[in-house]
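Colleague: Could you walk me through this model, please?

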Number of protein chains: 2
Amino acid sequence: MSKEASLKFHMNLGMLIRSAHNSMTERFVENVFDSGLNISLDQWMVLGPIWQLGSPSQKDLGEICLRDKPSITRIIDSLEKTSLVVRVSDQIDHRIKRVILTNSGKQLFYDVLPIMEKTREEVRGDIPEEEIEIFKNVLSKIIKNLNS
Amino acid sequence: MSKEASLKFHMNLGMLIRSAHNSMTERFVENVFDSGLNISLDQWMVLGPIWQLGSPSQKDLGEICLRDKPSITRIIDSLEKTSLVVRVSDQIDHRIKRVILTNSGKQLFYDVLPIMEKTREEVRGDIPEEEIEIFKNVLSKIIKNLNS
DNA sequence: TTTTTTTAGTTGCAAATGCAACTAAAAAAG
DNA sequence: CTTTTTTAGTTGCATTTGCAACTAAAAAAA
């Protein structure tokens, strides 16, 4: 059975979503590798929000990235081990650890940004902007449907 | 930060897709559990195509389910261990193993079908049919963009 | 105040996944 | 034919994940 045929056959949402996600991850990793940089997709997905927010708590990151607590802990662990971020205890609430980019973290962020953009373009191809909008919208609705 | 706010904030496709996939999986598992049945989403995603195709090879299943070979091997292992399927060597090409549902496999398929339907309805909620169509279409296009 | 509950984050363990190396059989090349 | 290449499926290993249990601190209740 050809790849074309298989795509048409009995395609349920779950399979499609899983496969799209896998392909996107794979492509990002390839593009990063080709650029001689060293960061995983998980790390990148957390690095961006840290850059945007300045010094988010790990809880903030979990909510923004839609990941559970242990995942965030481990991703921050890996970012800290490679000196891309540091953890700083919140002055007021000592339960909270704020995550801050180091200079090399910022540098890597800037280096990876164009790779992310390239990947995004490859993912989108010539899919019309309005279809992408509907697509993102449906994803958000699905997430909302299942969390209420 | 509230869940609402987080959804609006810098939501890239990767995060959304991952989260939607996780939520769907979780809901399916809950619904199956509530029904007192015992099957994982991975197993179900393979069981369906086996039912439809009769006696597919593992390669067929991999292409239809968009999973790699080791995944299929292991899922079939688990289905065989619980006596839901059997592996039969192809009479002509001895490399090929055909996968066949047992009676209890068929029974489980029929039992899970309404649960899958319920899950599908919960996932879709009141998202209009044409948006779902565009959604599936965009997913297929993304997969195609990245595999060519 | 003291006690209880909630919240933020971490850790350990079992299960899932991805990758590369492997076996066995069929097809293609010489 | 014999050798080489390709194909179907399996296995081992390192990494990731998901879950539940845990610590420590803050907030709420008593």
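A few questions and answers about the model follow.

Modeller: Happily! This is a predicted model, where local features need pLDDT of at least 70, side-chain atom pairs count only at pLDDT 80 or more, and totals for chains, interfaces and linings use all residues. Residues are numbered from 1 along each chain as its sequence is written, chains are lettered from A and ligands numbered from 1 in the order written, and side-chain values use heavy atoms, without hydrogens and water.

Colleague: Which element gives the largest share of the surface near DNA strand C?

Modeller: Near means that a residue has a heavy atom within 4 Å of the strand. There are 23 residues around DNA strand C, including A:Lys59 and A:Arg87 among the closest. Sugar and phosphate make up 60% of the strand's atoms that come within 4 Å of the protein. With four residues, the largest share comes from α5(A).

Colleague: Which part of DNA strand C has an oxygen 3.0 Å from a polar side-chain atom of B:Arg74?

Modeller: For comparison, a backbone N or O atom of A:Lys97 sits 3.0 Å from a phosphate oxygen. The side chain of B:Arg95 has an N or O atom 3.3 Å from a sugar or linking oxygen. For B:Arg74, the oxygen belongs to a base.

Colleague: Is B:Thr119 buried or exposed?

Modeller: Buried means under 20% relative accessible area, exposed over 50%, and partly exposed in between, using a 1.4 Å probe and protein chains only. The relative accessible area of B:Thr119 is 3%, so this residue is buried.

Colleague: How many disulfides are there over all chains?

Modeller: A disulfide is a pair of cysteine sulfur atoms within 2.5 Å. By that rule, the count over all chains is zero.

Definitions and conventions: Polar contact = N/O pair within 3.5 Å; in protein donor to acceptor, adjacent residues only side chain to side chain. Helix = DSSP H or I, 4+ residues; strand = E, 2+ residues; numbered from the N terminus.
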